[in-house]
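Student: I am new to this structure and would like a close look at one part, the contacts between oppositely charged side chains. Please go through them carefully, and then place them beside a few other parts of the fold.

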Amino acid sequence: MRADRPWRRRPGRRGAHARLGLLVAVVIGAAAGLVLAHSDVLPQLEQDTVSLRFAERGPQPAGDIAVVAIDDKTFDELALQWPFARSVHAKAIDALRRAGARRIVYDVQFTEPTVAREDNALIGAVGRARNVVLATTETDAGGGSDVLGGDEVLRAHHARAAAANVVKQPGGDVQKLPAAYGGLTSLAVAGAQGLTAPPPDPSGFRDGQAWIDFRGPPGTIPTYSFSDLIVGRIDPARLRGKVVVVGAGAPTLQDLHTTPAGSKPMSGPELQANAIWTVMHDLPLRDAPGWLGVALVLALAALPALACRLGGAIAAAVAAPAAAIGYLLVAQVAFDHGTVVPVSPPLVALAIATLGACLASYAAEQRRRRQVTEANARLEAAVTDRTAELRATQLEVVRRLGQAAESRDGET
């Protein structure tokens, strides 16, 4: 009976080895996911998931904003050289004022003085409109600008300057809008300011930035040619009551940006229009809480280990793809309802943890088989030894019986 006792303890040791291997797999998977979530490692991977979510959601309506693009058609029809004389921009602002535009956001920079007559024509048009926001990418240390002579001139004409700078993410896409840049309110915030009540919740700007809720790929927001505006070919009803963004749409003007909304670059004015729409509607697209991202990484990292404990490596290999598909569906539903949950960090954690769990399960199975083989070999050796001992005992009994028979005399 004593020889049996060590065999009863070995399953427990085997289970401890298996549990340790699965724990290591969980830790490595979770660590990889958390590092990916809190660093700029593989930024394009997460940006691609955002692009897929925008594509899956599809174009959305944007009836309260429009774009007037200085496009190739404009250059062909007006036969003007860039930059245009400021009196041309004055005509565009007057046309938008007469059409009843709710606000005019002019995404063209006017910081350097030109001919006095041209400058005065533009300032006069801005003053008549009384609802113009002018773009700049240059500010002083205090957030002031030199647009049309400075902020005092703009205030006197019921206008303001705003920062048109865009912020690219590490992967190269423009995904978010800044609340301010260089001490100056961003063009998106200034373009929407005062048009909604209450104003956007500042908490929506995490680290000073907020997601742009793109209405769709380039061309989704109604866009009209600058030349059509100048010559009066646009029905005023299409612009009445809307925020109108005017800017460079021709590729030669090099105001194009890659965004998660489609594979084609988006023009600067349409990008700003999407950002303004986002602010006007109280930043409807927001990041999930930080703790939720961590919890999702840990949950998906632990899933393969749990599946291995319940059904072995095969169960983990089956559960991981199912969990990935289910998580992608959940992420899309959350996105459609305005929450951006991280996708690549939890899925990377799931993939690494699944690989680690399968390797740990395989190693544990190999160890178990080796132990069984060794135990069988020891048992076989013990049986062989015992058989030999019994045979020797039998031979000894026969020998002794023979000796006893030979020691007796004939009469006995």
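**Charged pairs and their surroundings**

Tutor: Lys73 and Asp228 bring their side chains together in a salt bridge, with N and O 2.9 Å apart. Lys73 belongs to helix α3 (residues 72-78) and Asp228 to helix α8 (residues 226-231), so this pair ties together parts that lie 155 residues apart in sequence. Before going further, note that this is a predicted model, in which local features need pLDDT of at least 70 and side-chain atom pairs count only at pLDDT 80 or more, while totals for chains, interfaces and linings use all residues. Residues are numbered from 1 along each chain as its sequence is written, and side-chain values use heavy atoms, with hydrogens and water left out.

A salt bridge here is a side-chain nitrogen of Lys or Arg within 4 Å of a carboxyl oxygen of Asp or Glu, and by this rule the count comes to 13. Helices (H or I, at least four residues) and strands (E, at least two) are DSSP runs, numbered from the N terminus.

The two partners of the opening pair differ in their cover: Lys73 is partly exposed at 35% relative accessibility, whereas Asp228 is buried at 12%. These words have cut-offs, buried meaning under 20% relative accessible area, exposed over 50%, and partly exposed in between, with a 1.4 Å probe and protein chains only.

Another pair is Asp287 and Lys176, whose side chains meet in a salt bridge at 3.5 Å, N to O. This pair also links distant parts of the chain, since Asp287 sits in strand β13 (residues 286-287) and Lys176 in strand β5 (residues 176-178), 111 residues apart. Asp287 is partly exposed, with a relative accessible area of 25%, while Lys176, at 15%, counts as buried.

Asp213 and Arg215 form a further salt bridge, their closest N and O atoms being 3.1 Å apart, and both residues are buried. Salt bridges with shared partners also join Lys73, Glu77, Asp228 and Arg233 into one network.

Turning from charged pairs to nonpolar residues, the largest nonpolar core has 40 residues, and Ile65, Leu177 and Ile276 have the most contacts inside it. At least two residues of this core come from each of several elements, including α2, β1 (65-70) and β10 (243-248), and α9 gives the most, with 7 residues. Such a core is a set of buried Ala, Val, Leu, Ile, Met, Phe, Trp, Tyr and Cys residues joined through side-chain atoms within 4.5 Å.

One of those contributors, helix α2 (residues 43-57), has 15 residues and reaches 22 Å from its first C-alpha to its last, close to the 21 Å expected at 1.5 Å a residue; the expected span is 1.5 Å times one less than the number of residues. Its buried residues are Glu46, Gln47, Thr49, Val50, Arg53, Phe54 and Arg57. They cover an arc of only 155° around the axis, which puts them on the same side of α2, the arc being that of the directions from the helix axis to the C-beta atoms. On the other side of α2, Leu52, Ala55 and Glu56 are exposed, and the helix is followed by Gly58, whose phi is positive, near 85°.

Finally, Ala357 has its place in helix α11 (residues 344-406) and is buried, with a relative accessible area of 0%.
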